[in-house]
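Thanks, I'll keep this short. Please have the sequence and the model open, and I'll go through a few local features.

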Amino acid sequence: MNPQMKKGLLDVCVLSVLSRGDSYGYKIIKDLSDYIKLSESTLYPILRRLEASDCLMVYTVEHNSRLRKMYKLTETGKTQIREFLTGWEEIEIIYRYIKEGLEHE
């Protein structure tokens, strides 16, 4: 898969996890594990990028006497998901066109 396309998909996958409720790094990886392989070294740069673009906010909570970094989806993040879904409809149309071309060979 094209790395740029995969990058965009990963961003939306992370936002989608957060659309279900606030979460933290390990749980985000776990929640996505049935759908996509994601390592910590991939996730944390995505989280920083999404925070910098105001798609999510970060706060801390105490858990087992330690501070846990939590991530919360913002309105900008919700808009990003909606824009992805709208764009995906166009990609599906193109996908079907390309696939039909191969089936007619």
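Start in the loop between strand 1 and strand 2, where you will find Ser 65. This is a predicted model, so local features need pLDDT of at least 70. Asn 64 belongs to that loop too; the flanking strands are residues 56-63 for strand 1 and 66-73 for strand 2.

Now the backbone. Most residues other than glycine have a negative phi. Asn 64 is not a glycine, yet its phi is positive, about 50°. Ser 65, also not a glycine, has a positive phi of about 65°.

Are these two loop residues buried or exposed? Asn 64 is exposed, at 64% relative accessible area. Ser 65 has a relative accessibility of 68%, and it counts as exposed because the cut-off is over 50%.

Next, the rings. How many aromatic pairs does a search of the whole structure find? The search gives one. There is also a charge placed over a ring: Arg 68 lies over the face of Tyr 24, and the distance from the ring centre is 3.6 Å. For orientation, Arg 68 falls within the 66-73 range of strand 2.

Last, the surface. Which residues make the nonpolar surface patch of about 360 Å²? They are Ile 94, Tyr 97 and Ile 98. Ile 98 sits in helix 4, which covers residues 75-103.

To recap the loop: Asn 64 has its positive phi of about 50°, Ser 65 has one of about 65°, and the exposure values are 64% for Asn 64 and 68% for Ser 65. That's what I have.

Definitions and conventions:
Residues are numbered from 1 along each chain as its sequence is written. This is a predicted model: local features need pLDDT of at least 70, side-chain atom pairs count only at pLDDT 80 or more; totals for chains, interfaces and linings use all residues. Side-chain values use heavy atoms; hydrogens and water are left out. Helices (H or I, at least four residues) and strands (E, at least two) are DSSP runs, numbered from the N terminus. Buried means under 20% relative accessible area, exposed over 50%, partly exposed in between (1.4 Å probe, protein chains only). Rings of Phe, Tyr and Trp (its six-membered ring) pair if their centres lie within 6.5 Å; planes under 30 degrees apart count as stacked, over 60 as edge-to-face and the rest as tilted. A charge sits over a ring if NZ of Lys or CZ of Arg is within 6 Å of the ring centre and within 35 degrees of the ring normal. Patches are made of residues with over 30% relative accessible area and no salt bridge: like charges are joined within 9 Å, nonpolar side chains (Val, Leu, Ile, Met, Phe, Trp, Tyr) within 5 Å. Accessible areas come from the Shrake-Rupley method with a 1.4 Å probe; for residues, only the protein chains shown count as cover. A salt bridge is a side-chain nitrogen of Lys or Arg within 4 Å of a carboxyl oxygen of Asp or Glu.
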